[in-house]
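Please walk through the aromatic ring pairs of the structure shown here, and explain how each pair is arranged and where its partners sit.

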Amino acid sequence: MDFVNAIVQVLDSTIRLSVPLLLACLAGLFSERSGIFDIGLEGKMLVGAFAGAAAASVFHSAFIGLGMAILISVAFAMVHGFASITHRGNQIVSGVAINFIAAGSTIILGQAWFQQGGRTPALQPGERFESITADVISNFLSTYSFSTASFADFLASIRGLILYLPALLIDALARIPGFGPIFAELVLGHSILVYFAFAMVPFTWWVLFRTRFGLRLRAVGENPAAVDTAGISVAWLRYRALICTGILTGVAGAYLSMVQNGGFVKDMTAGKGYIALAALIFAKWKPVNAMFACLLFGFLDAASIRLQGSPLPIVGKVSAQFMQALPYVLTVVLLAGFIGKAIPPRAGGVPYVKER
């Protein structure tokens, strides 16, 4: 039973740790499919994390914090677009510059506004996204009632009725002996941003492969001249892709500071933007593959945390520093030895010059 509990806890940690990677990976998928290489995922996640925590702390609202995180990340994405699309600058240099600006500005502004060494104040309940647990579902089911006392009460009752049947099913699954605790640990107990991240995988697949926008986006990453010949603006398509990138990196940053940590701290992204880029290459620019790649990297991170200080077979006790470095080492090994041939979009990294 202890072994089963350990496995369930590692899998639960895997889900939690893979969420920012997954959101950043899908963000990079939109930009790179349009032909814009975005090294600046790390920086946009970092400014999103800072903006979300700062706004949530000041306005005492998690949703205002999330909106501010998205807004600032989109603004940084537009700066990248202005440099690499409008002025046809080097996309790698622009992305690296964004990372440096984000790393410095978050510390300076954090110290100037909150005087806590670059950190934001610890977020209180209501200022961060809480977990949806089995107890929360049970309380909702026990307190729900349909009211027509006023129009606002009627609308709230309709909204609650829509949620009532799914909540009833989830509550029944959580009460099944044996299966229920595992279900409650792995599926429940997460914030709404976790479910949003995994819901974005099929949504991204649908957008890219089943919509006109997705078809044009993929085409502009492969042959922008042909798209331009068809009378479609290459620059506007790429800007829209970067807006999608900004939204997703903003949510990823908000998750780090408003769910996983409960406040912003210096350099809290810790290279997750770069690992997300590695996962994107490992997944060969496909949404579903990206999800599994991020879950793999999340599992490596969760396993390294679990095994810190624990003796391993044959080798015995391993230093904590080695276990902390293990996910990054395995990232390099996987990319070097198991990915095979990954072919990026043909027009990736190349500024488009309209023929006259």
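**Aromatic pairs and their surroundings**

In this predicted model, Phe50 is buried, with a relative accessible area of 5%. The ring of Phe50 takes part in one of the aromatic pairs, of which the count comes to 6. Its partner is Trp113: the ring centres of Phe50 and Trp113 are 5.9 Å apart and the planes meet at 25°, so the pair is stacked, given that planes under 30 degrees apart count as stacked. This pair links distant parts of the chain, since Phe50 belongs to helix H2 (residues 41-59) and Trp113 to helix H4 (residues 91-114), with the two positions 63 residues apart in sequence.

The two partners can also be read by their accessibility: whereas Phe50 is buried at 5%, Trp113 is exposed, with a relative accessible area of 52%. Ring pairs further join Phe50 and Trp113 with Phe264 into a cluster.

A second pair to follow is that of Phe282 and Phe297, which is tilted, with 6.2 Å from centre to centre and 55° between the planes. Phe282 lies in helix H12 (residues 272-282) and Phe297 in helix H13 (residues 287-307), so this pair ties together parts that are 15 residues apart in sequence. As for their accessibility, Phe282 is partly exposed, with a relative accessible area of 23%, while Phe297, at 4% relative accessibility, counts as buried, because buried means under 20% relative accessible area.

How values were computed
Residues are numbered from 1 along each chain as its sequence is written. This is a predicted model: local features need pLDDT of at least 70, side-chain atom pairs count only at pLDDT 80 or more; totals for chains, interfaces and linings use all residues. Side-chain values use heavy atoms; hydrogens and water are left out. Rings of Phe, Tyr and Trp (its six-membered ring) pair if their centres lie within 6.5 Å; planes under 30 degrees apart count as stacked, over 60 as edge-to-face and the rest as tilted. Helices (H or I, at least four residues) and strands (E, at least two) are DSSP runs, numbered from the N terminus. Buried means under 20% relative accessible area, exposed over 50%, partly exposed in between (1.4 Å probe, protein chains only).
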